[in-house]
Amino acid sequence: MIPSNTPPQVNIASSVSTITLPTNSVSFTPIVTDDGLPTGVPLTFQWSMTFGASPVVFSAPTSRNTSVTFSAAGIYNLALAVSDSEFTSTSSVQITVNPANAAPVVSVPSSAAVTLPGTLTIHASATDDANPPGSILAFQWSQQSGPAPVVFSAPTALNTTVTFSQAGSYLLSLTANDSQLTGTGLISVAVNPANQAPVVFPGPDQTLALPANTLTLAGTVTDDGLPAGVPLNIQWSAISGPAPVTFSAPASATTVATFTTAGNYVLQLSASGSIG
């Protein structure tokens with residue numbers, strides 16, 4: 001009795017189902033069995049892509065064993081058809097190609113300013129492509145430069161509060177690592193010295209004899225310029241005396257005081273900004 005021909009049996013054996021670019025190829029060594037019928041007719045092989053995100057290249061598309069090269073990330077379904085000239089059997093395999101890992105993108109304010117004594121709270125953000133799969137971003141704040149060490153309240157958190165002990169220019173950084181690649185954000189911080197009260201000198205004590213009734217008062221006011229952009233408020237006033245005093249320029253350090261009555265007077269020069 002002549003045996004009847006049966007279809008070939010084919011199984012695409014592969015231990016790889018997922019790759020991540022820049023790794024872009026997978027090799028296949030399928031298991032193929034056949035009954036040898038029809039006698040003397042060799043098996044033929046044909047690899048193909050049934051669907052995928054982009055064309056692929058088979059190193060040997062008409063051989064049992066082949067390597068497949070992918071050009072883009074996506075999901076691909078590959079098939080191998082084996083024919084004995086009468087019957088054709090097909091096996092397929094799905095390969096997931098992940099995009100290449102990109103470094104996390106870290107966003108922090110480019111600059112900030114604070115005045116001693118004080119702290120600065122920095123709100124940052126980070127975006128990532130979720131590669132490698134399952135990875136969790138790790139954050140680290142650090143000081144790149146500055147006249148004195150700073151203290152981070154949460155050095156491994158996305159947001160942190162920074163304490164400064166000395167005025168000057170500082171450069172701080174936040175890194176985000178996805179276990180393979182690191183992204184960095186930088187912030188420059190100008191730390192201003194603590195605001196000091198203005199220093200006021202109204203001038204030396206003076207004596208006036210009527211009928212002369214005016215005195216030129218040449219006071220001085222010095223200030224540290226803080227807070228920046230806040231003008232000084234200068235004011236002459238009479239603290240005590242037998243009669244009112246008139247000042248020609250009461251809001252200026254230099255003024256002329258006019259008296260109408262003899263007696264002892266105490267005059268005051270004051271200056272203030274936001275404090276003092």
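## The β8–β9 hairpin

V82 stands opposite S89, a residue of strand β9. That is a handy place to enter this structure, which is a predicted model. The two strands around this contact are β8 and β9 (residues 88-98), and they pair in the antiparallel sense over ten bridges. Together they make a hairpin with four residues between the strands. If you are checking backbone torsions, look at S85 in this hairpin: its phi is positive, near 90°.

## β8 and its other partner

Strand β8 spans residues 74-83 and is mostly covered, with eight of its ten residues buried. Besides the pairing with β9 over ten bridges, β8 is joined to strand β5 (residues 44-51) by seven bridges. β5 and β8 also run antiparallel. To find the register here, take S48, whose bridge partner in β8 is A79.

As background, strands of a sheet pair through backbone hydrogen bonds, in either a parallel or an antiparallel way.

## A four-stranded open sheet

Now for another set of strands. Four of them form an open sheet in the order β11-β18-β17-β14, and the pairing is mixed. Its edge strands are β11 (111-115) and β14, each of which pairs on one side only. From one strand to the next, the twist averages 25°.

Within this order, β17 and β18 sit side by side. Strand β17 covers residues 168-177 and strand β18 covers residues 182-192; ten bridges join them, and they run antiparallel. A useful marker for their alignment is S173, which stands opposite L186 in β18.

## Aromatic pairs

A pair of aromatic rings is described by the distance of the centres and the angle of the planes. With ring centres required to lie within 6.5 Å, the count comes to seven aromatic pairs. One of them is formed by W141 and F152, at 6.1 Å centre to centre with 25° between the planes. This pair counts as stacked because planes under 30 degrees apart fall in that class.

Where do W141 and F152 lie in the strands? W141 belongs to strand β14 (residues 138-145) and F152 to strand β15 (residues 151-152), so the pair ties together parts that are eleven residues apart in sequence. Are these two residues, W141 and F152, buried or exposed? Both W141 and F152 are buried. The strand that holds W141, β14, is also an edge strand of the open sheet described above.

Elsewhere, ring pairs link F28, W47 and F58 into a cluster.

Definitions and conventions. Residues are numbered from 1 along each chain as its sequence is written. This is a predicted model: local features need pLDDT of at least 70, side-chain atom pairs count only at pLDDT 80 or more; totals for chains, interfaces and linings use all residues. Side-chain values use heavy atoms; hydrogens and water are left out. Rings of Phe, Tyr and Trp (its six-membered ring) pair if their centres lie within 6.5 Å; planes under 30 degrees apart count as stacked, over 60 as edge-to-face and the rest as tilted. Buried means under 20% relative accessible area, exposed over 50%, partly exposed in between (1.4 Å probe, protein chains only). Two strands pair if DSSP finds at least two bridges between them. Axes are lines fitted to C-alpha atoms, for helices over the stretch in contact, and angles run from 0 to 180 degrees between N-to-C directions.
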